[in-house]
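Please read these notes with the sequence and the 3D view open beside you. They go through a few places in turn.

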Amino acid sequence: MSEEVKVFGAWGSPFSRRVELALRLKGVQYEYIEEDIFNNKSPLLLKYNPVHKKVPVLLHNGKPIAESLVILEYIEETWKSNPILPEDPYDKAMARFWAKFLDDKCLPALWKAGWSPENEREKAVEEACECLKTLEGALNGKRFFGGATVGLVDIAANFIAHWLGIIQEATGHELLSAEKFPHLFKWTDEFVSCSIVKESLPPRDKLLAFFKDRIAGAMDAPTEASK
Amino acid sequence: MGEENKVILHGMWASPFSKRVELALKLKGIPFEYVEEDLKNKSAEILHYNPVHKKIPVLVHNGKPIAESLVILEYIDETWKNNPRFLPQDPYKRARVRFWTSFVQQHLFETMFTVVKTDGEAQEKAVKELLEKLQVLEEGIKEFFPDGNICIDSNNVGLLDLVLLSVFGPYNVQEEVLGIKIIDMEKTPLVYSWLRAINQLPLVKESIPPHDKLAAVLKFMRENALKSSSA
């Protein structure tokens, strides 16, 4: 019985890469469709995600699912090998709590701190560091948020492991340092060193160029990045 | 031996997040102790059980705390497997419920909040956005009620019903305080009928706080927000 699995994504999107990572961790074959999210979204994307018109979208045997955390839970429930969530309902709840914390608080704070204008930066950085401190505590000396292996929370935190460092380099502002957040810093290494994770990350130099372009573009006109 | 299945809910009577958990426990017939929290004077327990957000609701099950209402609801469903099941069994259907729950929570609720906290042009803009999003919901929920029939009873109430109820259940109060029509029978007939059906459930009727009390809280919230934004 053949199974059709497609991912509509964007090469630089951490949300889209989360979905690809989960599929790869479970050994699921999929077809990847690159969307031009800034200039030219495909009719298929608009058809499969009419509400938000965003990537990622997972298409499984013709049925579309949108929203990366919703997709991750679907993947977990559909392909049972290499689980990314614990069995125990309480531990599962904790994982969901942290994934939500990442999406609702942490990532927006980090993003804001990365791109804040000078006069707002101090407050934004303070908030971002509070989030990182909380995550440092949540890691609690474990190798991964998921324990011995990569789990939902690690996947959801992919932005911190890869994108954040690149943004820091592009902007010249450091948020996550080994001195301030030693466990989290070590986790970023552990995470990106996993071969399956490595394969699922966008190339560093391409991302760096993208962010540098964005900064240059922002200096000319404060509108959304065009490329 | 100790307390098997000791459940405590730390909540606040006017909080929609707290209300949805309270209802969930009642619907499943789970005995629990309720602790009313004073949000202006948070208890040591809340700060201990939810150090990250310091918010209610917090569910404490056999001494272990869980925060974030949607996380709590899924936990309740997975731990007490009797009816009503808040999520369907099929993974795709579960994904659809989660998708729309996220939409109601992140988009509708947030926009509604903005409508409450603003006036003038900012409010007009938020109202327009709210009504547009309600149209999106109206379209979207057709997949759950394919023949337009809405049959909700205490055995089949789900996650999406609970979340919608907590955001728009008291729409009469919201419309009265804001002077704006939000749930329009003509514009969003499905959402209107759906809310009516949920609001009719006996457990829901007995759990909803009195109209005047809710109106007073909403007025207070709005006045505070307007005062601080013009300060």
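The numbered points below cover the interface, the backbone, one buried glutamine and the aromatic rings.

1. This is a predicted model, so please read each point below as a statement about a prediction.

2. Start with the interface. Chain A uses 26 residues to contact 27 residues of chain B. The area buried between the two chains is about 2300 Å², and carbon and sulfur atoms give 67% of that area. The size of an interface is often given in this way, as the accessible area lost when the parts come together.

3. Charged and polar links also occur here. Between chain A and chain B there are 6 salt bridges. One salt bridge joins the side chains of A:Glu77 and B:Arg98, with 3.1 Å from N to O. Residue pairs in polar contact between the chains number 8, counting pairs with both residues at pLDDT 80 or more. On the side of chain A that touches chain B, β4 (63-66), α3 (68-78) and α4 (89-115) each supply at least two residues. The largest share comes from α4(A), with 12 residues. Sorted by class, this side of chain A has 13 nonpolar, 4 polar and 9 charged residues.

4. Next, the backbone. Most residues other than glycine have a negative phi, and most peptide bonds are trans. Two peptide bonds here deserve a look. The bond from A:Val55 to A:Pro56 is cis, with omega near 0 degrees, and A:Pro56 sits in the loop between α2 (43-48) and β3 (57-60) of chain A. In chain B, the bond from B:Asn83 to B:Pro84 is cis, with omega near -5 degrees. B:Pro84 belongs to the loop between α3 (69-79) and α4 (91-117) of chain B.

5. Two residues that are not glycine have a positive phi. For A:Lys53, phi is about 55 degrees. This lysine, A:Lys53, lies in the loop between α2 and β3 of chain A, and its relative accessible area of 40% makes A:Lys53 partly exposed. For B:Glu68, phi is about 80 degrees. B:Glu68 is in the loop between β4 (64-67) and α3 of chain B. Its relative accessible area is 18%, so B:Glu68 is buried under the 20% cut-off.

6. Is A:Gln168 buried or exposed? At 12% relative accessibility, A:Gln168 counts as buried. A:Gln168 is part of helix α7 (residues 158-171) of chain A. Leaving out residues up to four places away in sequence, A:Gln168 touches A:His173, A:Glu174, A:Leu175 and A:Leu176. A polar atom of the A:Gln168 side chain lies 2.7 Å from the backbone nitrogen of A:Leu176.

7. Last, the aromatic rings. Over all chains there are 19 aromatic pairs. A:Tyr90 and B:Tyr75 make an edge-to-face pair, 6.3 Å centre to centre with 85 degrees between the planes. This pair crosses between chains, from helix α4 of chain A to helix α3 of chain B. Both A:Tyr90 and B:Tyr75 are buried.

8. In chain B, the ring centres of B:Phe145 and B:Trp194 are 5.5 Å apart and the planes are at 70 degrees, so this pair is edge-to-face. B:Phe145 is in the loop between α5 (120-140) and α6 (159-168), B:Trp194 is in helix α8 (residues 189-200), and the two are 49 residues apart. Both B:Phe145 and B:Trp194 are buried.

How values were computed: Residues are numbered from 1 along each chain as its sequence is written. Chains are lettered from A and ligands numbered from 1 in the order in which they are written. Side-chain values use heavy atoms; hydrogens and water are left out. Helices (H or I, at least four residues) and strands (E, at least two) are DSSP runs, numbered from the N terminus. Buried means under 20% relative accessible area, exposed over 50%, partly exposed in between (1.4 Å probe, protein chains only). A polar contact is a pair of N or O atoms within 3.5 Å; within protein, one must be able to donate a hydrogen and the other to accept it, and residues adjacent in sequence count only if both atoms are side-chain atoms. Contact means heavy atoms within 4.5 Å. Buried area is the accessible area (1.4 Å probe) that two parts lose on being put together, summed over both. A salt bridge is a side-chain nitrogen of Lys or Arg within 4 Å of a carboxyl oxygen of Asp or Glu. Ala, Val, Leu, Ile, Met, Phe, Trp, Tyr, Cys and Pro count as nonpolar, Asp, Glu, Lys and Arg as charged, and the others, Gly among them, as polar. Rings of Phe, Tyr and Trp (its six-membered ring) pair if their centres lie within 6.5 Å; planes under 30 degrees apart count as stacked, over 60 as edge-to-face and the rest as tilted.
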